[in-house]
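Me: I want the reasoning behind the labels on this structure. Can we go through it step by step?
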Amino acid sequence: MPLIPCQRALFDIPPGVAYFDCAKMSPLLNRAAAAGEAGLLRKAHPWEIKAAHFFDESERVRGLFARLIGAAAGDVAIVPSVSYGMATAMGNVRVAAGQTIVTLAEDFPSTIYACRALVAREEARLVTVARPAEGEDWTEVLLDAIDGGTALVCAPHVHWVCGTRIDLEAVARRCRSVGATLILDTTQSTGALPLDLQAIDPDYLVAASYKWLLGPYSVGFLYVAPRHQQGRPLEEAWITRAGAEDFRRLTRYDEALEPDARRFDMGERSNFALLPVAGAAISQLLDWGVDSIAETLGATTAALEARLAELGAEASPSRAPHYLSVRFPHGLGDEVEARLAAAEVHVSLRGDRMRITPHLYNDEQDADRLVREIRESVAQQV
Ligand SMILES: Cc1ncc(COP(=O)(O)O)c(C=O)c1O
């Protein structure tokens, strides 16, 4: 598969900025930003906003996300955040007292707090899978923790701290064999790493859009497997009811919810400013192709990993192609953050790790600047 050439011209990134922090927050594509500006300004002329507009953009964007993950539009709800998606999913999970809920150590708080709330509500037991020893794999230790007493497993595709890729097909097989529910947070992978939804067949999958989906903050997506689409939504919204398109009949208060995952949409999901941004970004991702994005970012991080290894950096084993998380045996000193910021080199420092997450806008100059600044920091440590 041919690698995608540098796409920096599609973004508003000044030449002096080396941005390697997509795992924190992606920049917007210029055309997504323009779509957002136009969307925001629609509210300046509300008389031009018709009833159909509360539905058409939502449907378009829902359909785009569904295409991206290989689902049907009716399997996808529009949510504001991962925590909202988690709360929706967990509100519909059945757990008996004493059963276990399995999570990974240091998983993102939106998952952990939701699991803790469920544990408290159902008198279940939380099992936190400890970080594996250096060189061992998260998937193996996760599989070992899933047994006949497991009601629910919550896992990412890529661990947000160390970038390790979890073998979700193996995890899903184990879940199925013991009858456990599987909820995925793919915020750190959807858009940059292919996922075989049919093979994994998760019960729920949630992803925020402001990272690898190149989308806006406060828009996310919740995939709900068809077998759970009769569940209860988190809110009592009006737009998720049968016949909501007919504004003259809203006060009939029809209790019937949409027959599919649309019933889980958040209130005011028809966000005229943000949905066009999400739509423009996902359209671009579909044009590039997630396979090609993964391969291209894999080449970028492999080249960086090799250059940083010469400076002593150790990358996580089994890492995802788009996600480089490194440790330096002697550390990089407290001043590394200020040094990198002063040089306009943007990465995330998480514990003893440096998370370097590029996208198609990064070029050779960015890589050179990153390596130069880290070399200086390493030199000051010895
Ligand atoms: C793995 C993961 N999940 C979720 C989020 C965001 O969660 P929320 O949308 O609940 O703020 C992040 C943000 O860093 C993340 O890394």
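Me: What makes a residue part of the ligand's surroundings in this model?
Reply: The model is predicted. A residue counts if one of its heavy atoms lies within 4 Å of the ligand. Ser81, Val82, Ser83, Phe108, Ser110, Trp160, Asp185, Thr187, Gln188, Tyr210 and Lys211 surround the ligand. By class, four are nonpolar, five polar and two charged.

Me: Why is the approach of Asp185 to the ligand called a polar contact?
Reply: The cut-off is 3.5 Å between N or O atoms. A side-chain N or O atom of Asp185 is 2.6 Å from a nitrogen atom of the ligand, so the pair qualifies. For Ser110, a polar side-chain atom lies 2.7 Å from a ligand oxygen atom. Ser83 uses a backbone N or O atom, 2.9 Å from an oxygen atom of the ligand. The protein covers 89% of the ligand's own 400 Å² of accessible area.

Me: Why is the pair of Phe54 and Phe272 called edge-to-face?
Reply: Ring centres must lie within 6.5 Å and planes over 60 degrees apart. Here the centres are 5.4 Å apart and the planes at 80°, so the pair is edge-to-face. Phe54 lies in helix 2 and Phe272 in the loop between strand 8 and helix 8, so the pair ties together parts 218 residues apart in sequence.

Me: Why is Phe272 called buried, and Phe54 partly exposed?
Reply: Buried means under 20% relative accessible area. Phe272 has 16%, so Phe272 is buried. Phe54 has 24%, so Phe54 is partly exposed.

Conventions
Residues numbered from 1 in each chain as written. Predicted model: local features only at pLDDT ≥ 70, side-chain atom pairs only at ≥ 80, totals over all residues. Heavy atoms only, no water. Polar contact = N/O pair within 3.5 Å; in protein donor to acceptor, adjacent residues only side chain to side chain. Areas by Shrake-Rupley, 256 points an atom, 1.4 Å probe, with all protein chains shown as cover. Nonpolar A, V, L, I, M, F, W, Y, C, P; charged D, E, K, R; others polar. Buried < 20%, exposed > 50% of the residue type's maximum accessible area, 1.4 Å probe, protein only. Phe/Tyr/Trp six-rings, centres within 6.5 Å; stacked < 30°, edge-to-face > 60°. Helix = DSSP H or I, 4+ residues; strand = E, 2+ residues; numbered from the N terminus.
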